[in-house]
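Me: Could you take a close look at one part of this structure for me? I would like to hear about helix contacts and charged pairs.

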Amino acid sequence: MFEFLGVGVDNDKILVLGATNLPWILDSAIRRRFEKRIYIPLPEVSARVKMFELHIGKSGHELNANDFKDLARKSEG
């Protein structure tokens, strides 16, 4: 049994904690409590293009494919 701030977790469940995009600034005592750490990088340009397209959806806009690519490039990091 693992407890973290009063949350009990057994072997049948998974606890996912998304704390920051700067994991190296977390207190080392907190980092030691987790057996696995999985780094998920920021989305690449093509993924960001798709995210913009999905979120804008069918709302009234005049953006073309090049505009979406430009937005994706400008949103890096």
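Reply: Happy to help; here is a look at helix α3 and its surroundings, with a surface patch at the end. This is a predicted model, in which local features need pLDDT of at least 70 and side-chain atom pairs count only at pLDDT 80 or more, while totals for chains, interfaces and linings use all residues. Residues are numbered from 1 along each chain as its sequence is written, and side-chain values use heavy atoms, with hydrogens and water left out.

Helix α3 covers residues 65–74 (helices are DSSP runs of H or I with at least four residues, strands runs of E with at least two, numbered from the N terminus). Within α3, D70 and K74 sit four residues apart, so about one helical turn separates them. The two form a salt bridge, their closest N and O atoms lying 3.3 Å apart (a Lys or Arg side-chain nitrogen within 4 Å of an Asp or Glu carboxyl oxygen). A search of the whole structure finds one salt bridge. D70 is partly exposed at 31% relative accessibility, and K74 is exposed at 66% (buried is under 20%, exposed over 50%, partly exposed in between, with a 1.4 Å probe and protein chains only).

Turning to the surface, I25 lies in the loop between β2 (7–9) and α1 (28–32). I25 is exposed, with a relative accessible area of 57%.
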